[in-house]
Amino acid sequence: MTDQISSSSSGFDFQKAMLSFEGRLRRSHFWIAWLILFGIGFVMGMIPVINLLAIVLLWPHLAIGVKRLHDMGKPGWLIAIPYVAGVVAWIAAFVMVGAGAIMNAAALDAEDPAAFLATFGPAVGILGASCLLSLVFWLWMGLAGGQPGENRYGPNPKG
């Protein structure tokens with residue numbers, strides 16, 4: 001019954017869009033799903049105990065991303081790019097901060113902001129670049145047009 005309600009009332013099956021990795025997802029449905037997940041994540045982030053449960057939102061984010069890539073005719077594994085870049089950036093920043101703290105302990109002194117920025121600024125830059133890469137990647141997925149007609153991932157979701 002819930003499948004009938006979600007499919008017939010809006011023409012968009014949210015359950016299939018956010019939990020399945022098969023098929024294609026048009027841009028408007030991608031943004032609707034993304035905004036729903038963003039809203040849920042924002043609310044979960046405001047409540048400290050529930051904040052730890054926000055990891056469950058990774059699955060639907062991956063699902064809508066993979067399906068959006070499929071609509072563009074791209075393989076779904078490309079969704080790993082922003083996630084791998086983020087993990088690498090965090091590891092690099094952690095190493096840089098640790099090395100900076102060991103090599104220049106005076107930089108931890110709050111009275112010398114120039115030394116602090118010189119020591120830890122590159123780590124912040126790497127994290128910022130990773131965030132920018134992720135933003136550009138998700139915008140590209142959400143703004144690029146889909147492949148017209150049927151492709152190897154299924155029929156055109158526009159019908």
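The following exchange goes through two helix packings and two pockets in a predicted model.

Trainee: Why are H5 and H7 called oblique to each other?

Mentor: The axes of helix H5 (residues 58-71) and helix H7 (residues 113-143) cross at roughly 55°. Roughly parallel needs an angle under 35 degrees, and roughly perpendicular runs from 65 to 115. The angle of H5 and H7 falls in neither range, nor over 145, so the pair is oblique.

Trainee: How close do the axes of H5 and H7 come, and what is the hand of the crossing?

Mentor: The axes come within 9 Å, and the crossing is left-handed. On the H5 side, His 61, Gly 65, Arg 68 and Leu 69 make the contact, and on the H7 side Trp 138, Trp 140, Met 141 and Gly 142 do.

Trainee: What makes the contact of H5 with H7 four nonpolar, three polar and one charged by class?

Mentor: Trp, Met and Leu count as nonpolar, which covers Leu 69, Trp 138, Trp 140 and Met 141. Gly counts as polar, and His is among the others that do too, which covers His 61, Gly 65 and Gly 142. Arg counts as charged, and Arg 68 is the one charged residue in this contact.

Trainee: Why are H3 and H5 called roughly antiparallel?

Mentor: H3 and H5 pack at about 165°. The cut-off for roughly antiparallel is over 145 degrees, so H3 and H5 are roughly antiparallel to each other. Their axes are 10 Å apart, and H3 passes H5 in a left-handed crossing. From H3, the contact takes in Arg 27, Phe 30, Ala 33, Trp 34 and Leu 37; from H5, it takes in Pro 60, His 61, Ile 64 and Arg 68. By class, six of these residues are nonpolar, one is polar and two are charged.

Trainee: How do you know which helix gives the most to the lining of the largest pocket?

Mentor: H7 gives seven residues, the most of any element. Helix H3 (27-46), H5 and helix H6 (80-103) also give two or more residues each. The pocket holds about 690 Å³ of space and is lined by 23 residues, with Leu 58, His 61, Tyr 83, Ser 134 and Trp 138 nearest its centre.

Trainee: What classes of residue line the two pockets?

Mentor: The lining of the largest pocket has 18 nonpolar residues, five polar and no charged. The second largest pocket has six nonpolar, five polar and six charged residues in its lining. Among the residues nearest the centre of the second largest pocket are Lys 16 and Arg 24; Lys and Arg count as charged.

Definitions and conventions. Residues numbered from 1 in each chain as written. Predicted model: local features only at pLDDT ≥ 70, side-chain atom pairs only at ≥ 80, totals over all residues. Heavy atoms only, no water. Axes fitted to C-alpha atoms, helices over the stretch in contact; angles between N-to-C directions. Helix = DSSP H or I, 4+ residues; strand = E, 2+ residues; numbered from the N terminus. Left-handed = near helix turned anticlockwise from the far one by under 90°. Contact = heavy atoms within 4.5 Å. 1 Å grid on protein atoms, 1.4 Å probe; cavity = no way out; pocket = protein on both sides within 12 Å on 5 of 7 lines; lining within 4 Å. Points joined across faces, edges and corners; volume = space filled by probe spheres on them.
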